[in-house]
Amino acid sequence: MGAQQVAERFTELYGTAPQGVWAAPGRVNLIGEHTDYNDGFVMPFALPHQVIAAVSGRDDGVVRLHSADVEDGVAELSLDALAPQSDREWTAYPAGVVWALRQAGHEVTGADIHLSSTVPTGAGLSSSAAVEVVIALALNDLYGLGLQRWQLARLCQRAENVYVGVPTGIMDQTASACCESGHALFLDTRDLSQQHIPFDLAAEGLRLLVVDTRVKHAHSGGEYGKRRAGCEKGAALLGVDALRDVPYAELDAALARLGDEEEVIRLVRHVVTEDHRVERVVGLLRSGEIRAIGPVLTEGHASLRDDFRVSCPELDLVVGTALANGALGARMTGGGFGGSAVVLAAATDVDTLTKAVEEAFAAAGFTTPRVFEAVPSPGARRVE
Ligand code: GLA
């Protein structure tokens, strides 16, 4: 659905035209998984799939919410009644952003909102972050708050952590808010410093495929929180603020100091090697060696599967089948436990490879995966 249609639907619902229309994308992460809550490095880029929101301000303390993707009427919430973890529906994401803005002292006095999304949900492609960011950007503009993109991302993360109650890092919100077309975002999650790295696959005759396994991941399920707590335990045992502070060159010595803490050892090894992999990929892209990132992506998958233990049979099957059919590299992307994988391949291999993955899924009795090509797209912006 385009901006025009979203605006028209808003007018039907609320009786007047919206003051503006904004869009924010989902993302895919190229490399740097489960590093963001360890103050480490990530490298996502924005997808063409996005959430479009038509929004108007109100001055009576009321927020009205409607989504084209949910079979529900208009939800009406009072600003005074917004309370963390009081809402288990989709409305918690936009309402959480309003709550976070007000908590931070910004004067937001209400809103009428209509949303429509093309970001697959539960696929590890940041559909929730896209909802949060589109609302934050719209309210920032409408209320003249003057917040910068990274500040909006922080507020959206707070909405998700505190209001919705899911302990995610800062990658997804920053990606949706800050990515640029044609580039991957090399983000230092400690200080949110950013470098936009040109990522032109087509020029090299390459493609990056996203394979959505259709296994719905669920972060609130507890496994994500357990990994996060394990990483924090590792940092505490090693006497550092965050695992980011363990240099790659000192990894073996650090692991030796962890004694028989087998689980913590695996988690620490993943995070420290993964940060290093992000730096390797950045170096390769800077020197124009795009093809050479393939094996680094594949190493990342092995680490997530064997050390961090967040993969699943469907993700492993995508990676194994892709590699057996000519892919240059493949890995799960996002939080894991389902969701999507990315596959780097020559453009000429895409059809064979897609067919092979579909056949392997059919043979294993898995639901047919959704495969699409990911092109680095623009971050959040006003569209009308
Ligand atoms: C989810 C979280 C992110 C990040 C990834 C794993 O997408 O929302 O903050 O931790 O998992 O890299």
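Start by selecting residues 313–324, helix H10, and colour its buried residues: Glu 314, Leu 315, Val 318, Val 319, Thr 321 and Ala 322. Here, buried means under 20% relative accessible area, exposed means over 50%, and partly exposed lies in between, with a 1.4 Å probe and protein chains only. Helices (H or I, at least four residues) and strands (E, at least two) are DSSP runs, numbered from the N terminus.

Before going on, keep in mind that this is a predicted model, in which local features need pLDDT of at least 70 and side-chain atom pairs count only at pLDDT 80 or more, while totals for chains, interfaces and linings use all residues. Residues are numbered from 1 along each chain as its sequence is written, and side-chain values use heavy atoms, with hydrogens and water left out.

**Stop 1: around H10**

Stay with H10 and put a distance between its first and last C-alpha: the twelve residues reach 16 Å, close to the 16 Å expected at 1.5 Å a residue. The expected span of a helix is 1.5 Å times one less than its number of residues.

Now show what covers the buried residues of H10. The cover includes strand S9 (206–212), helix H9 (293–308), strand S10 (329–333), strand S11 (340–346) and helix H11 (350–364). Contact, on this tour, means heavy atoms within 4.5 Å. Following H10 you will find Gly 326, with a positive phi near 95°.

**Stop 2: S11 and the loop before it**

Select Phe 337, in the loop between S10 and S11. Phe 337 is not a glycine, yet its phi is positive, near 60°.

Then step into strand S11 and pick Ala 345. Is Ala 345 buried or exposed? Ala 345 is buried, at a relative accessible area of 0%. Leaving aside neighbours within four places in sequence, its contacts are Gly 205, Leu 206, Arg 207, Ala 327, Leu 328 and Leu 353. For a sense of scale, draw a line from Ala 345 to Val 42: their C-alpha atoms are separated by 21 Å, and the two residues are 303 residues apart along the chain.

**Stop 3: Ile 290**

Go next to the loop between helix H8 (262–286) and H9, where Ile 290 is found. Ile 290 counts as buried, at 8% relative accessibility. Which residues does Ile 290 touch, not counting those up to four places away in sequence? They are Phe 199, Asp 200, Leu 201, Glu 204, Leu 206, Leu 285 and Leu 344. Glu 204 is a good one to label, as it lies 86 residues from Ile 290 in sequence and 7.7 Å from it in space, C-alpha to C-alpha.

**Stop 4: helix H2**

Select residues 92–103, helix H2. Nine of its twelve residues are buried, so H2 is largely enclosed by the rest of the structure. To see them, colour Ala 92, Pro 94, Ala 95, Gly 96, Val 97, Val 98, Trp 99, Ala 100 and Leu 101. What covers them includes strand S4 (62–67), strand S5 (75–78), H3 and H4. The end C-alpha atoms of H2 are 15 Å apart, in agreement with the 16 Å its twelve residues should span. Just after H2, look for Gly 105, which takes a positive phi of about 90°.

**Stop 5: H2 against H3**

Add helix H3 (residues 127–142), which packs on H2 at an angle of about 45°, with the axes 9 Å apart. Axes are lines fitted to C-alpha atoms, for helices over the stretch in contact, and angles run from 0 to 180 degrees between N-to-C directions. That angle makes H2 oblique to H3. Angles under 35 degrees count as roughly parallel, over 145 as roughly antiparallel, 65 to 115 as roughly perpendicular and the rest as oblique.

Show side chains at the contact: Tyr 93, Pro 94, Val 97, Val 98 and Leu 101 in H2 meet Ser 128, Val 131, Glu 132, Ile 135, Ala 136 and Leu 139 in H3.

**Stop 6: Ser 126 and H4**

Finally, select Ser 126, in the loop between strand S6 (110–117) and H3. Ser 126 is not a glycine, but it has a positive phi of about 65°. Ser 126 is also buried, with a relative accessible area of 9%.

From there, bring in helix H4 (residues 149–164), whose axis comes within 9 Å of that of H3 and crosses at roughly 125°. H3 and H4 are therefore oblique to each other. At this contact, Ser 128, Glu 132, Val 133, Ala 136, Leu 137 and Asn 140 in H3 meet Arg 149, Leu 152, Cys 156 and Glu 160 in H4.
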